Amino acid sequence: MSPEPLLRVEDLHVQFPSEDGVVHAVDGITYQVMPGRTLGIVGESGSGKTVSSLTTLGLTRREGARVSGRILFEGQDLVTLPEERLRAIRGNDIAMIFQDPLSALHPLYRVGAQLVQAVRAHRDVSKAAARARAIDLLGLVGIPDPARRVDEYPHEFSGGMRQRAMIAMALVNDPKLLIADEPTTALDVTVQAQILALMERLQRELGMAIVIITHDLGVVAEVADDIAVMYAGRIVETSSAEQLFAAPEHPYTWGLLKSIPRLDGPREEELVPIPGTPPSLINRPSGCHFHPRCPYAQPDHARIDPRLEPLPGDPSHHVACLLEAEMRERLWAELAAGATPEQALAEVGVPGAPA
Amino acid sequence: MSSILRLRALVKHFPITRGIIFQRTIGAVKAVDGIDLEIERGETLGLVGETGCGKSTTARLIMRLLDASAGEIVLAGRDITRLKGADLKAARREMQMVFQDPHSSLNPRKTIGSIIAEPFAIHKLLPDRDERKREVQRLMETVGLNPEHYNRYPHEFSGGQRQRIGVARAIALSPKLLIADEPVSALDVSIQAQVLNLLRDLQRRLGLTLVFIAHDLSVVRHMCDRVAVMYLGKIVELGPNEALYGFPRHPYTGALLAAVPVADPTLRGSERRPLGGDVPSPANPPSGCRFHTRCPKAQALCAEQDPPLEDKGSGTLAACHFPLSREEVTQMGVRSAR
């Protein structure tokens, strides 16, 4: 028997009313996170990756958002849970770290005081005990001389140390799930490597599950066990990390992979950008949301809305694409060999596509 | 003499002062601390390094947006370090800059047409209105914008398109030198490639000399002929792309390259030890080699003597007493190593 997922998101929709119309930020996504595993959610700005995670913590509640679907955490539905019970979970069983550690820490309070507050918000312990815990945690996340640094202010910390302090704060109450929203985007590359290594070590030692949200395919390749690719509020592809990079199925995933230069690739490789720009979430394209930017789109793709379905050969790999599986396989084979989308199309001969 | 730009012992120290009325200088942030660099006509030079290494300050010094504390900047054979007034204005015609943030570098109250025409207005070129408009529309087409959008405002464009507007403005006067400071780091992944391809295409077509500043080492490898790696205000390694990425000799270059995440989970198992510690303060840089406080190979000599930037026999110049060997590069997990 396979273990129960720690978090299960089912058909989650999040909509925000605005002056210009309803923003469909998250549009029916389903995913799960197993205990002790890492899920990477990849997408560009406006793909809904952050909103879906904020909703998990109930942080979109106040903005007049319309939320439907279910977010099951250890059997409780977080969508309908009353605020005070959600509060007991937030920062306790589920913790979150944000992109910009400077704006997530209070500038006028000592780092230690903020950690102590986080401990005492959920546990009835003395200040001294909470402070001891804070010092322990700063040491755990690799801040040198934690007994002294605990009394410093955030501005006295470097960018990497602030993010370590944020992670310490998230770990205060031994969360079962850590949501990390672009945790390394504001950091330099050597510091990014330190933080990613730290997250991996903490996961090994503490056994927590991680959801890491990022636009960087390199980062998810480093740390994620499973990956979900989001586009315009939907998951368009999800699979194990190995499968996603070895045999990607969705044309958007192909586009992402072909538009980044790789450090270990041939130096003169041509980058193939995805044409056009991400769509508006108010007036979304009809049919497959990606069809206006998809080089392989066929006329009926503007009408039919693809569902996220498992691949015939691999039930853990899901894709929402209207192209036939065999055709996708041949297209990716051409692209992986260095063909441009036009060349791949000419070679494979998709019927009905523009020549 | 084919070098278009020569930097000699270039220094920029920002004073740290105390007191409100009688300000006393109590120290200096050594943002750029002695850079020698020559840039050849038509090449793309990458300037890489982490926050605070002085790469953007170097760009601003070249553009004369900041005044150098010492050293000289020679553009096309002419010392421009201390030019003023009309001479400076004339020199600035020869060099242009593309900025990181396409949202804050375009005036929201001006139309695209007048933004791109601004260089002509400043330098009193193309006084004829129709002629100016034709030239602006030609530029818009060159960078892949629809010339009919001449009268639109910046907010009507996406990030990638705005960056194209910035590029069109920068190439308006056919500058000899184009400096792009993190031109794609504010853009979405799928849009980055559009702007990178545009810059590469323009560079080839117009024979531009490009200084490309970025922190993303994969992007720099893709774009540049030569690369200079900076650390705390100094160049620590300089060389042709293939040599520098294939066999980095400075331990800092090696650590930077090893830290780059590669989009391939099958490589994950390989041992990588991230560089420890943080970048020291440029107000109080370490003695000797500035990297010695974080360097895994540091010895007593490194804290005493600042190593010169010299040929290490594998194609690059490196400022290191104990340069990396091939085995060490492989052990570090540098994925671009040959």
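Two strands count as paired if DSSP finds at least two bridges between them, and strands (E, at least two residues) and helices (H or I, at least four) are DSSP runs numbered from the N terminus. In strand β12 of chain B, for example, B:Ala318 is the bridge partner of B:Glu310.

The structure is a predicted model, in which local features need pLDDT of at least 70 and side-chain atom pairs count only at pLDDT 80 or more, while totals for chains, interfaces and linings use all residues. Residues are numbered from 1 along each chain as its sequence is written, and chains are lettered from A and ligands numbered from 1 in the order in which they are written.

**The two chains**

The table sets out values for each chain; a residue is called buried if 20 or more other C-beta atoms, placed from the backbone, lie within 10 Å of its own, exposed if 12 or fewer do, and partly exposed in between.

| Chain | Helices and strands | C-alpha span along principal axes | Buried residues |
|---|---|---|---|
| Chain A | 13 helices, 12 strands | about 70 × 50 × 45 Å | 48% of 355 residues |
| Chain B | 11 helices, 12 strands | about 70 × 60 × 45 Å | 48% of 338 residues |

The radius of gyration is taken over C-alpha atoms, and the rule for a globule is 2.2 Å times the number of residues to the power 0.38. For the 355 residues of chain A a compact globule would have a radius near 20 Å, and the 22 Å of chain A agrees with this; for the 338 residues of chain B the rule also gives a value near 20 Å, with which its 21 Å agrees.

Two residues are in contact if their C-beta atoms, placed from the backbone, lie within 7 Å. Of the contacts in chain B with a separation of 6 or more, 66% are between residues 24 or more positions apart, and in chain A 62% of the contacts between residues at least 6 apart in sequence join residues at least 24 apart.

**Where the chains meet**

In the interface, 36 residues of chain B are in contact with 38 residues of chain A. The elements giving two or more residues to the chain B side are α6 (189–206), α7 (217–223) and α9 (251–259) of chain B, and α6(B) gives the most, with 8 residues. This side of chain B divides into 16 nonpolar, 13 polar and 7 charged residues, where Ala, Val, Leu, Ile, Met, Phe, Trp, Tyr, Cys and Pro count as nonpolar, Asp, Glu, Lys and Arg as charged, and the others, Gly among them, as polar.

**The sheet of chain B**

An open sheet of 8 strands in chain B has the order β6-β7-β8-β3-β9-β10-β12-β11, with mixed pairing. Its edges are β6 (95–98) and β11 (310–311), and each has a single partner strand, so one side of each is left without a neighbour in the sheet. At one of these edges, β11(B) and β12 (residues 317–318) pair in the antiparallel sense over 2 bridges.

Helix α5 (residues 159–171) of chain B packs on the sheet and touches β6 and β7 (177–181), its direction making about 175° with that of β6(B); such angles run from 0 to 180 degrees between N-to-C directions, and the axes are lines fitted to C-alpha atoms, for helices over the stretch in contact.

Strand β7(B) runs parallel to β6(B), to which 4 bridges join it, and B:Leu178 is the bridge partner of B:Gln96. With β8 (residues 209–214) of chain B, β7(B) is also parallel, over 5 bridges, and here B:Ala180 stands opposite B:Phe212. All 5 of the 5 residues of β7(B) are buried, with B:Leu177, B:Ile179 and B:Asp181 pointing one way and B:Leu178 and B:Ala180 the other.

Strand β3 (residues 44–48) of chain B holds B:Val48, which is buried, with 26 other C-beta atoms within 10 Å. Leaving aside residues up to four places away in sequence, B:Val48 touches B:Ala214, B:His215, B:Leu217, B:Val220, B:Val227 and B:Val229. B:Val48 also lies 6.3 Å from B:Ala228, C-alpha to C-alpha, although the two are 180 residues apart in sequence.

**Two covered helices**

Helix α1 (residues 55–62) of chain B is mostly covered, with 7 of its 8 residues buried, among them B:Lys55, B:Leu61 and B:Ile62. Just after α1(B), B:Arg64 takes a positive phi of about 60°.

In chain A, 13 of the 13 residues of α7(A) are buried, so this helix is largely enclosed by the rest of the structure.
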